[in-house]
Amino acid sequence: MTDTAGIVVNGVSGRMGRMLLQVIAASERAHLAGVLERPGHAWIGKDLGEILGGAANGVTVSDDPAATLKGAQAVIDFTAPAATVALAPQAMQAGCAHVIGTTGMTKDDLAHIAEAARDGVIVRAGNMSLGVNLLVALTKQVAQALDPDYDIEVIEAHHRHKVDAPSGTALMLGQAAAEGRGVSLDEAAVRGRDGITGPREPGTIGFSAIRGGDIIGEHDVMFAADGERIILRHVASDRSVFARGAVKAALWARGKPAGEYDMAAVLGL
């Protein structure tokens, strides 16, 4: 394992945590260096292999980031904003790259992440898949090419358990559209419509969120004008696309200088 990158998984009991275990196990360039869960979780102190219904594998679920991150090259984190913000300085102190797929962060949360990135390596993205990041690049390009007569709508759908809206991916797409238009997303965004809203304000970027069933992730960016619509679409049918992207980011981050990076940097877009 000396030539492979040691990766820690934070939030190992979650859907993405378990998927990351599979992707890391299948990788020839990475190995599992440890796993973390929140204090008080039922898995703490137990052997991961036994918990997952197999033979003991010697990996104990921990709630101690300092000890678990020691010697690891990266930690991958798809958890909750408060947990991610708390982990960021600990990863920095351990010299461990922090790959963040957590969404729903506030401006204050992002400021704390940026502070940790002054001395540590952070890769943060609302979506880790190659396809979505290509969609982001295309969205900016199309928004730049079309005149303001084209209304922009970002429509996203996720499973019933998702707790934040718009999704991190939708916000990435909205930001790309705003950059293409040369406007501020904060000023242009319309995140909900209800009642007598009046006609659409020219130049706005609308968001619609759908929640239901087990939808993994679907995102459309619609450019609508009189007489035609252009729709860019990405559909995720397997959660592993996010895990594979996160592991790719963790491997890419090894040895990089301090700073906050995104998946466009990882993918060379």
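Modeller: Two strands count as paired if DSSP finds at least two bridges between them; strands (E, at least two residues) and helices (H or I, at least four) are DSSP runs, numbered from the N terminus. The model here is predicted: local features need pLDDT of at least 70 and side-chain atom pairs count only at pLDDT 80 or more, while totals for chains, interfaces and linings use all residues. Residues are numbered from 1 along each chain as its sequence is written, and side-chain values use heavy atoms, with hydrogens and water left out.

Biologist: Happy to start with the open sheet: in what order do its 7 strands run?

Modeller: The pairing in this sheet is parallel. β3 (61–62) and β12 (259–261) each have a single partner strand, so they stand at the edges with one side lacking a neighbour in the sheet. The order is β3-β2-β1-β4-β5-β6-β12.

Biologist: Which residue of β2 stands opposite valine 9?

Modeller: β1 and β2 run parallel and are joined by 6 bridges. Across from valine 9, in β2, is valine 35.

Biologist: And on the β4 side, what stands opposite valine 8?

Modeller: β1 also pairs with β4 in the parallel sense, over 4 bridges. The residue of β4 facing valine 8 is valine 75.

Biologist: Which residue in β5 is the bridge partner of aspartate 77?

Modeller: β4 and strand β5 (residues 97–100) are parallel partners over 4 bridges. For aspartate 77, the partner in β5 is isoleucine 100.

Biologist: Are the faces of β4 covered or open?

Modeller: Side chains of a regular strand alternate between the two faces of the sheet. In β4, Ala74 and Ile76 lie on one side, with Val75 and Asp77 on the other. Buried means under 20% relative accessible area, exposed over 50% and partly exposed in between, with a 1.4 Å probe and protein chains only. The four named residues of β4 are all buried, and both faces are therefore covered.

Biologist: What distance separates the C-alpha atoms of aspartate 3 and alanine 30?

Modeller: Aspartate 3 belongs to the segment before β1 and, at 72% relative accessibility, counts as exposed. In sequence, aspartate 3 and alanine 30 are 27 residues apart. Their C-alpha to C-alpha distance in space is 8.4 Å.

Biologist: How far apart are the end C-alpha atoms of helix α1?

Modeller: The buried residues of α1 include Met16, Leu20 and Ile24. The expected span of a helix is 1.5 Å times one less than its number of residues. The 12 residues of α1 (residues 15–26) should therefore span 16 Å, in agreement with the separation in the model, 17 Å.

Biologist: Now for strand β10: how many of its 9 residues are buried?

Modeller: β10 (residues 217–225) runs antiparallel to strand β7 (residues 151–158), with 7 bridges, and alanine 157 stands opposite glutamate 218. β10 is largely enclosed by the rest of the structure, because its buried residues number 8.

Biologist: Which residue takes a positive phi in the hairpin of β10 and β11?

Modeller: β10 and β11 (residues 228–236) run antiparallel with 9 bridges, and glycine 217 faces alanine 236. The hairpin has 2 residues between the strands. The positive phi, near 95°, belongs to glycine 227.

Biologist: Lastly, is the peptide bond from alanine 165 to proline 166 cis or trans?

Modeller: Proline 166 sits in the loop between β7 and α7 (168–181). Most peptide bonds are trans. With omega near -5°, the bond from alanine 165 to proline 166 is cis.
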